[in-house]
Amino acid sequence: MTKPTPTARFPYLKQDFAASLVVFLVALPLCLGVAVASGVPAELGLVTGIVGGIVTGLMPGSSLQVSGPAAGLTVLVFGAVSQFGLPALGVIVLATGLFQLGMGALGLGRWFRAISISVVEGMLAGIGLVIIAGQLYAALGIEAPESGIGKIVGLPEALVDTLGSATALPSLAIGAGTVAVVVLWKRMPKKVRAVPGALAAVLLATFASIAFSLPVATVEVRGLLGVIQPPGMEAFGGLGDPALIGAIVAFVLIASAESLFSAAAVDRLHDGPRTQYNKELIAQGAGNTVCGVLGALPMTAVIVRSSANVQAGARTKASRVLHGVWLLLFAALLPAALALIPIPALAGILVHAGWKLIPFHQVATLWRGNRGEALILVTTAVSIVAVNMFEGVLIGLALSVAKTAWEASHVRLEIVDDGTGPIQAHLSGNATFLRLPKILDSLEALPQDRPIELDLSGLSHVDHACRTALENWAERHTTAGTDPVRVLVA
């Protein structure tokens, strides 16, 4: 019996191998940058990237989507580490993964698609603003204020204070140069662009800092095994803290929503198998569970890496698994290379990533077509900057629900009075408590000395509050010495 050749067993191995190298080169600087910006050792970003590639990558769900540490969770992780400590991060991420596994098993993955896109884009905009503000301080080589408002308000003073600093200016130059390279890299010849812009920017910044002996901070290296610290039993004691529970809920909601929205976006980029949302949520949960056990960063699906994977010609999940293998080999064989990378270069990468999170085009489009949705987007973003991530998202969701409820309660009251017979009041649409004041004002303005027919047959829905109020109005009008109000129903 003839054995199948590797080409027959893996018909797209060549395409997937090439794509995996591209994704690895895109993911490497982002993994490091997200970790440093989150206030954790840089290697933990690589750990999450490795788990996202190998563990989540092997599971069914979305075949071409790539997972790893995401800029969208940077603000949330930094806040959690600052408030609860690094050991508690493992507990939060582990609990997040277990919740995602449970939700996926219960078939709740598809419900995340029902979240208002304005809330999601507002969330990303708010995250982007906080990331940009915070990483500008990192580019200056100084510590950033804790609050989002503090970061933004304090920027002018920080910039003025660093103008005469011999260390801040070189650091700022490295950060600004990194952003410039990333932005301008798309204009380079196609062969040059085979190297991802983010990696090229970090490499050039590293060479510049070494060549000119610039006094800039570099990544602190502890080694891959040195940073893996599974949470101990004392860390689980914090689960009784309501604030920690709130953080877990925020991680679950935001990580799940970002992953599944990314899956929907990636599906639009290729013609292959569509995402199975519940299975993808289980895959994300499995990856986060492993990351939590290892004390690493949380993961989500990342649109930057995923789109790079599709554009590089990937055909199967092998490309994302191999990218995780390359991250593992790099972390194991070349850990000393991390110590050469300037922190302001990673800050520049995150500033660019934060800028791309802000949906300028969508805001303009929504403002022209649906100002209510545009206001929800802006309010969500401002709330995240002014308060925090979790409460900002809740504010956005509450506004979205309120707007939907208001729009869904359209009701029309038509009065027909021919001057001789009873006055006819026809109600149609959805009668809810939100429209009740308007309905009652119109009915109470009708003449008290005329018989009235209230026709409710045109209503597709009437809630309890509205039905009770209409019945009470009919009783009050009847006692005015006129014929009883005649109520017609379907």
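Mentor: Welcome! A salt bridge here is a side-chain nitrogen of Lys or Arg within 4 Å of a carboxyl oxygen of Asp or Glu. Keep in mind that this is a predicted model.

Trainee: Thanks! With which residue does Lys403 form a salt bridge?
Mentor: The cut-off for such a pair is 4 Å. The closest N and O atoms of the pair are 3.1 Å apart. The partner of Lys403 is Glu373.

Trainee: How many residues apart in sequence are the parts that Lys403 and Glu373 tie together?
Mentor: Both residues of the salt bridge between Lys403 and Glu373 are buried. Lys403 lies in helix H20 (residues 389-408) and Glu373 in helix H19 (residues 371-386), so the pair ties together parts whose separation in sequence is 30 residues.

Trainee: Arg450 and Asp417 also meet in a salt bridge. Is Asp417 buried or partly exposed?
Mentor: The N to O distance in this pair is 2.9 Å. Arg450 has a relative accessible area of 18%, and buried means under 20%, so Arg450 is buried. Asp417 has 41% relative accessibility, and the range between 20% and 50% is called partly exposed. Asp417 is therefore partly exposed.

Trainee: Which strand holds Arg486, the residue that meets Glu453 in a salt bridge?
Mentor: The side chains of Glu453 and Arg486 come to 3.3 Å, N to O. The pair links distant parts of the chain, 33 residues apart. Glu453 is in strand E5, while Arg486 is in strand E6 (residues 486-488).

Trainee: Let's turn to the nonpolar core. Which helix gives the largest share of the largest core?
Mentor: This core has 74 residues, and Leu28, Leu32, Leu46, Met123 and Ile349 touch the most other members. The largest share is 11 residues, and they come from helix H13 (residues 242-267).

Trainee: Leaving aside neighbours within four places in sequence, which residues is Leu28 in contact with?
Mentor: Leu28 is among the core members that touch the most others. With those sequence neighbours set aside, its contacts are Leu46, Leu199, Leu327 and Phe330.

Trainee: How many residues make up the other core, which lies apart from the largest one?
Mentor: Its members include Leu427, Leu440, Ile452 and Leu454. The count for this other core is 20 residues.

Trainee: One last point, on the surface. About what area does the nonpolar patch with Leu239 and Ile245 have?
Mentor: Ile245 lies in helix H13 and is partly exposed, with a relative accessible area of 37%. Leu239, Ile245, Val249 and Leu253 make the patch, and its area is about 270 Å².

Technical notes
Residues numbered from 1 in each chain as written. Predicted model: local features only at pLDDT ≥ 70, side-chain atom pairs only at ≥ 80, totals over all residues. Heavy atoms only, no water. Core = buried A, V, L, I, M, F, W, Y, C linked by side-chain atoms within 4.5 Å. Buried < 20%, exposed > 50% of the residue type's maximum accessible area, 1.4 Å probe, protein only. Helix = DSSP H or I, 4+ residues; strand = E, 2+ residues; numbered from the N terminus. Contact = heavy atoms within 4.5 Å. Patch = residues over 30% accessible without salt bridge, like charges linked within 9 Å, V, L, I, M, F, W, Y side chains within 5 Å. Areas by Shrake-Rupley, 256 points an atom, 1.4 Å probe, with all protein chains shown as cover.
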